[in-house]
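Here are my notes on the model you sent over. Have it open while you read.

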Amino acid sequence: VRIAVTNVGADAAHDVPQLYLAFPHTAQQPALVLRGYRKTPLLHARDSYACTFELTRRDLSTWSGGWVLQRGMFTAHLGASSRDLRLSRDFEIS
């Protein structure tokens with residue numbers, strides 16, 4: 001998952017975008033599971049930075065006496081926190 005983070009403010013600042021996954025309903029997981037975060041370098045006004053989150057097999061798995069890859073429709077959510085999600089995309093693991 002790759003996103004561009006842009007400082008739209010007037011002051012230089014860091015940001016810490018977070019990646020949350022919503023698992024398929026059959027996985028019986030919490031509504032959102034944190035799967036990554038990245039701290040940007042210092043961004044001056046109007047600067048952008050590309051953040052990349054690599055999802056591993058384990059990120060898409062749940063524990064049931066061992067890691068089990070879940071199949072079905074996932075939703076990746078990106079934002080500043082679990083209460084401030086700004087982008088969402090669905091994807092399927094078959």
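1. Starting with the core: buried residues account for 34% of the 94 residues in the protein. Do keep in mind as you go that this is a predicted model.

2. On the fold, there isn't a helix to be found: the count is 0 helices and 8 strands. Reading from the N terminus, the order of elements is simply β-β-β-β-β-β-β-β.

3. For overall dimensions, the C-alpha trace spans about 50 × 20 × 20 Å along its principal axes. The accessible surface amounts to about 6300 Å², and carbon and sulfur atoms contribute 49% of that.

4. How do the contacts spread along the chain? Taking contacts between residues at least 6 apart in sequence, 55% join residues at least 24 apart.

5. Now the charges. I'd note 11 positive side chains against 8 negative ones. The centres of the two sets lie 5 Å apart.

6. How many salt bridges does a search of the whole structure find? It turns up just 1. The partners are Asp84 and Arg86, whose closest N and O atoms are 2.7 Å apart. That pair qualifies because the cut-off for a salt bridge is within 4 Å.

7. Is each partner of that bridge buried or exposed? Asp84 is partly exposed, at a relative accessible area of 29%. Arg86 has 58% relative accessibility, so Arg86 counts as exposed, the threshold being over 50%.

Notes
Residues are numbered from 1 along each chain as its sequence is written. This is a predicted model: local features need pLDDT of at least 70, side-chain atom pairs count only at pLDDT 80 or more; totals for chains, interfaces and linings use all residues. Side-chain values use heavy atoms; hydrogens and water are left out. A salt bridge is a side-chain nitrogen of Lys or Arg within 4 Å of a carboxyl oxygen of Asp or Glu. Buried means under 20% relative accessible area, exposed over 50%, partly exposed in between (1.4 Å probe, protein chains only). Helices (H or I, at least four residues) and strands (E, at least two) are DSSP runs, numbered from the N terminus. Contact means heavy atoms within 4.5 Å. Accessible areas come from the Shrake-Rupley method with a 1.4 Å probe; for residues, only the protein chains shown count as cover. Lys and Arg count as positive and Asp and Glu as negative; His and the chain ends are not counted. The place of a charge is taken as NZ of Lys, CZ of Arg, CG of Asp or CD of Glu.
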